[in-house]
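Hi,

Here is the structure I promised to pass on. Have a look at it first, and my notes follow underneath.

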Amino acid sequence: MMPSLTTTAAAAAAPLLLFSAAAFGPATTADAFSISATTQTTRRTCPCPSQLVLLEQARVGPSCSSSSSALRSTVPSGTGFGAAADSETDSDIDVGTSTATAIVDEDASASESESNIPKELQEMQAAQVRDLLVDLLPRMTGQKDEFRQVENYINALEDKYVQVQTLDFLNLAISGDWQLLFSTNRLGIPNTKLRLRELIQRIDPKNLNGTVTNMARWDLAEEIPGVFDCTGTFSVKCDYSINQGARMNIDLKDHVLELSRGSKVPTDVEGLVGMLSGAMPSELFDPNELAMDTTYLDEKIRIVRLTGSRLEGVRNLCMRSGAVEVSPTKN
């Protein structure tokens, strides 16, 4: 049963609508969603519209479920991303499955990992593999071979990655805005009324703690098809703590829905939040009780592996905002 919706007459910068978040999934623990008008004078447009295509194409396999496998406090290089792909069919390739078993013999594990990576990628520098990956993503058309290649690139990068050794350097490296390029998690059915322009993860570290904000910039055509006259941002606000290795344990705090200046106020706010929950990868909409392991990080891109009671092994690939020019028409 949907909660009642309360509308109040208020100033432009004050909350206009407030309702409980409890109706949007048992794992969502935020007390409430709120919608408010912002004081922004300009609307930021998406510098990479092809990301939305990437997110659509990522819907190629079931969401990863939790497993009883033991996990290391920090994920070692080459954790076997997509290792189960050989048993897949053409119509159901699951690029999100990972074999996250406890590592007993690290040398044997490394040898097995390298055997799953094409030799030419093993011989490349990490920056070369990264550039190939970033070049491929915006040109993907949803073919199985393309996802297999993405899998190979991510495996190669994770295998080459040397874990950050100091907390200060990790905080410096992960701080800032990261734009989501690719998720191995299955997304919901897209809605023609909703248009996502950008998905950003903002990290603000403070020693062993910090905040993570997952922000979606959206447009809504509520009344007339194709006329997107409602626009704003949807922010998922979280705290995180690091208590083992470099693993970031996420604690969901709030969901906030904000309108851009000059936007129409949607008549069905609950319906809008429901559409957003289906359009966003679930690890961004509801990250509660999940943890993120950084499996690759450089000055341009960041790969994280989700772990926890659900979505085990899901990978997110993000680029630092403004660091990489992504062109879907590049030859």
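Cavities first: 2 of them come out at 30 Å³ or more. Bear in mind that this is a predicted model. The largest cavity holds about 120 Å³ of space.

What lines that largest cavity? There are 18 residues around it, and the ones nearest its centre are Gln 201, Asn 214, Glu 283, Leu 284 and Met 292. By class, the lining breaks down into 14 nonpolar, 3 polar and 1 charged residues. Several elements supply at least two lining residues each: strands E4 (176-183), E5 (194-206), E6 (209-220), E9 (290-297), E10 (301-308) and E11 (315-320), along with helix H8 (282-285). The largest share, 3 residues, comes from E5.

Now the chain as a whole. It has 8 helices and 11 strands, and 48% of its 331 residues count as buried. Taking contacts between residues at least 6 apart in sequence, 66% of them join residues at least 24 apart. The accessible surface is about 15,200 Å², with 51% of that belonging to carbon and sulfur atoms.

One residue I'd click on is Leu 272, which sits in helix H7 (residues 269-279). Is Leu 272 buried or exposed? Its relative accessibility is 0%, so Leu 272 counts as buried. Leaving out residues up to four places away in sequence, Leu 272 touches Leu 194, Trp 218, Leu 220, Leu 257 and Pro 266. As for one of those partners, Leu 220 is 52 residues from Leu 272 in sequence, while their C-alpha atoms are 8.1 Å apart in space.

Two loop residues turned up with positive phi despite not being glycine. Asn 207 has phi near 55° and belongs to the loop between E5 and E6. Leu 311 has phi near 60° and belongs to the loop between E10 and E11. How do they sit with respect to the surface, buried or exposed? Asn 207 has 55% relative accessibility, which is over the 50% cut-off, so it counts as exposed. Leu 311 is at 5%, which is under the 20% cut-off, so it counts as buried.

Another loop position to look at is Gln 244, between strand E7 (230-242) and strand E8 (248-259). Why does Gln 244 count as partly exposed? Its relative accessible area is 33%, and that value falls between the 20% and 50% cut-offs, so neither of the other two classes applies. Gln 244 and Leu 208 are 36 residues apart in sequence, with 9.9 Å between their C-alpha atoms.

Last, the cysteines. How many disulfides does a search of the whole structure find? The search comes back with 0. For reference, a disulfide is a covalent bond between the sulfur atoms of two cysteines. I also checked accessibility for a couple of cysteines: Cys 238 counts as buried because its relative accessibility is 3%, and Cys 318 is buried too, with a relative accessible area of 4%.

If you open the file with the largest cavity in view, Gln 201, Asn 214, Glu 283, Leu 284 and Met 292 are the residues to display, being nearest its centre.

Cheers

Definitions and conventions:
Residues numbered from 1 in each chain as written. Predicted model: local features only at pLDDT ≥ 70, side-chain atom pairs only at ≥ 80, totals over all residues. Heavy atoms only, no water. 1 Å grid on protein atoms, 1.4 Å probe; cavity = no way out; pocket = protein on both sides within 12 Å on 5 of 7 lines; lining within 4 Å. Points joined across faces, edges and corners; volume = space filled by probe spheres on them. Helix = DSSP H or I, 4+ residues; strand = E, 2+ residues; numbered from the N terminus. Nonpolar A, V, L, I, M, F, W, Y, C, P; charged D, E, K, R; others polar. Buried < 20%, exposed > 50% of the residue type's maximum accessible area, 1.4 Å probe, protein only. Contact = heavy atoms within 4.5 Å. Areas by Shrake-Rupley, 256 points an atom, 1.4 Å probe, with all protein chains shown as cover. Disulfide = S-S within 2.5 Å.
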